[in-house]
Amino acid sequence: DFTTSRFLIIALIALTCAVYSNTLLNGFTIDDEFVYADNHFTKHLRNIPRLFDSGYFQYSNEASYRPVCTLTYFFDIALWGAWSGGPHLTNLALCLLTEIALFCFFLVVTKDRLAAFLGAALFAIHPVHTEVINNISFREDLLVGLFLPVAWLCYKRSERDRPWLWVPLAWLAYFLALFSKEHAVVFPALVALLAWTESD
C-alpha cells in the first residue's frame with residue numbers, strides 16, 4: 001500500500017544520503033572547473049538563449065550538445081553562487097529523484113514492493129555511480145537516468161487514463177533526456193522491448 005511504499009522510499013533516501021552525503025565536501029574535480037566553475041557563460045542568466053545558438057559548443061565548453069545539463073549549471077550558479085558544495089547537493093538531489101523514479105519503475109514492472117526497493121537500493125549503492133555523483137561535469141548521466149524512467153512511467157499512466165495529459169508528458173521527459181545526453185536515443189527501442197515482454 002501507499003504507506004509501505006512511502007516507508008521504502010524514505011529508507012532509500014536515507015541509504016543514499018548515508019553513502020553519498022560526503023560529496024558535499026568535495027571541491028571541483030576533473031572537468032568541473034572547465035565546464036562549471038571557470039565557465040563565464042553559465043554565470044549570467046541572460047546567456048540562456050544561447051543554449052540554442054550555433055555557437056553553443058564555443059560558449060559551453062561541451063563536446064556534445066547537452067543543453068538541459070548546461071541549463072542546470074545556470075540555475076546552480078544563480079542559486080549557490082561560489083559555494084562548491086551547492087552543485088554537489090544538486091547532484092545528490094538528482095540522484096535521489098532518479099532512485100525514486102527507478103523504484104516506481106521497478107514496482108510497475110515487478111508488482112513487488114520489496115523487489116522494487118532492492119533493485120533501486122542496489123542501483124543507489126553500486127560503486128559505478130561514484131564518479132557520476134561526485135563530479136558535477138558528469139551530471140548528464142544523472143539527468144538521463146532520471147528522465148527516461150519518468151518518460152516510461154508517464155507512458156504507462158497514459159494507458160490507464162487521460163492520455164491527452166500523460167502522452168505529452170512522456171514525450172517531454174524523453175526529449176529532456178535526449179537533450180541531457182544523446183544515449184537516450186535508444187529509449188523507443190527499450191519501450192518496444194518492454195511492451196513485447198508484457199504481451200506474453
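**Exercise 1. Locate Ile 30 and describe its backbone and its exposure.**

Solution. Ile 30 sits in the loop that connects H1 and H2. The model is a predicted one. Next, take the backbone angle: phi of Ile 30 is near 50°, a positive value in a residue other than glycine. For comparison, most residues other than glycine have a negative phi. Last, the relative accessible area of Ile 30 is 55%. Exposed means over 50%, so Ile 30 is exposed.

**Exercise 2. Do the same for Arg 162.**

Solution. Arg 162 is found in the loop between H8 and H9. Its phi is positive, about 45°, although Arg 162 is not a glycine. The relative accessible area of Arg 162 is 38%, which makes this residue partly exposed.

**Exercise 3. Check the length of helix H1 (residues 2–20), then sort its residues by burial.**

Solution. Step one: H1 has 19 residues, and at 1.5 Å a residue it should span 27 Å. The expected span uses one less than the number of residues. The end C-alpha atoms of H1 are 27 Å apart, so the two values agree.

Step two: the buried residues of H1 are Ser 5, Leu 8, Ile 9, Leu 12, Thr 16 and Tyr 20. They cover an arc of only 100° around the axis, and therefore lie on the same side of H1.

Step three: Phe 7, Ile 10 and Ala 18 are exposed on the other side of H1. The partners of the buried residues are H5, helix H6 (113–125) and H7.

**Exercise 4. Describe the largest nonpolar core.**

Solution. This core has 31 residues, and Leu 148, Tyr 174, Ala 184 and Phe 187 touch the most other members. Helices that each supply at least two residues of it include H5 (85–110), H8 (139–158) and H9 (163–178). The largest share, 8 residues, comes from H8. Not counting residues up to four places away in sequence, Leu 148 touches Tyr 174, Ala 177, Ala 184 and Phe 187. There is also a second, separate core of 9 residues, with Leu 8, Ala 116, Phe 117 and Ala 124 among them.

**Exercise 5. How many disulfides are there?**

Solution. The cut-off is a sulfur pair within 2.5 Å. The count comes to 0 disulfides. For Cys 17, the nearest cysteine sulfur is that of Cys 95, 8.9 Å away, and Cys 17 is in no disulfide. Cys 17 is partly exposed, at 26% relative accessible area. Cys 104 is in no disulfide either: the nearest cysteine sulfur, that of Cys 154, is 11 Å away. Cys 104 counts as partly exposed, at 28% relative accessibility.

Notes:
Residues are numbered from 1 along each chain as its sequence is written. This is a predicted model: local features need pLDDT of at least 70, side-chain atom pairs count only at pLDDT 80 or more; totals for chains, interfaces and linings use all residues. Side-chain values use heavy atoms; hydrogens and water are left out. A nonpolar core is a set of buried Ala, Val, Leu, Ile, Met, Phe, Trp, Tyr and Cys residues joined through side-chain atoms within 4.5 Å. Buried means under 20% relative accessible area, exposed over 50%, partly exposed in between (1.4 Å probe, protein chains only). Helices (H or I, at least four residues) and strands (E, at least two) are DSSP runs, numbered from the N terminus. Contact means heavy atoms within 4.5 Å. The arc is that of the directions from the helix axis to the C-beta atoms.
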